[in-house]
Amino acid sequence: SSITPAVNQIELHPRLQQHASREYARSRGIEIEAWSPLGQGTILDDPAIGKIAAAHGKSPAQIILRWHLEQGHTVLSKSVTPARMRDNAAIFDFALDADESAAIAALNTDSRVGPDPVELN
């Protein structure tokens, strides 16, 4: 197509950071929307995330969602639980420092929780 998409939704979370896809999108003015931003919950018990959460008095989910925002991603977290919805929205009263951001960056293992789009074709 000759039309550049405005948004590309890709699986993106601390264990699958998709650096090349993010850079490609950025270079073409395409917004990245994180699909499965919490890694379907598989990252919530990570010790590094837990340490950062404790330091801020926040939940692990809040830390990960804040990380996404600081990375410039659009994030839509899925929940049907009102308390979780409120918690997911309460991420604007703190910021991650450079060491915390580096600790989250170090979690990248290129591990998917969803299907690989290449294998779907």
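**Strand pairing, helix crossing and the largest pocket**

In this predicted model, the bridge partner of Glu33 in strand 3 is Thr74. Strand 2 and strand 3 run parallel and are joined by two bridges, where pairing requires that DSSP finds at least two bridges between two strands. The open sheet comprises three strands in the order 1-2-3, with parallel pairing; its edge strands, strand 1 (7-11) and strand 3 (74-75), each pair on one side only. Strands (E, at least two residues) and helices (H or I, at least four) are DSSP runs numbered from the N terminus.

Residues are numbered from 1 along each chain as its sequence is written, and side-chain values use heavy atoms, with hydrogens and water left out. Local features need pLDDT of at least 70, and side-chain atom pairs count only at pLDDT 80 or more, whereas totals for chains, interfaces and linings use all residues.

The axes of helix 2 (residues 47-56) and helix 5 (residues 98-105), as lines fitted to C-alpha atoms over the stretch in contact with angles from 0 to 180 degrees between N-to-C directions, come within 10 Å and cross at roughly 155°. The two helices, helix 2 and helix 5, are therefore roughly antiparallel to each other (angles over 145 degrees).

The largest pocket (on a 1 Å grid over the protein atoms alone, an open set of points where a 1.4 Å probe fits, with protein on both sides within 12 Å along at least five of seven lines) holds about 390 Å³ of space, the volume being that filled by probe spheres set on the points. Its lining (residues with an atom within 4 Å of a point) has 19 residues, of which Pro37, Leu38, Ser77, Lys78 and Ser79 lie nearest the centre of the pocket. Strand 2 (31-35) and helix 4 (82-89) each supply at least two of the lining residues.

Terms used
Parallel < 35°, antiparallel > 145°, perpendicular 65-115°, else oblique.
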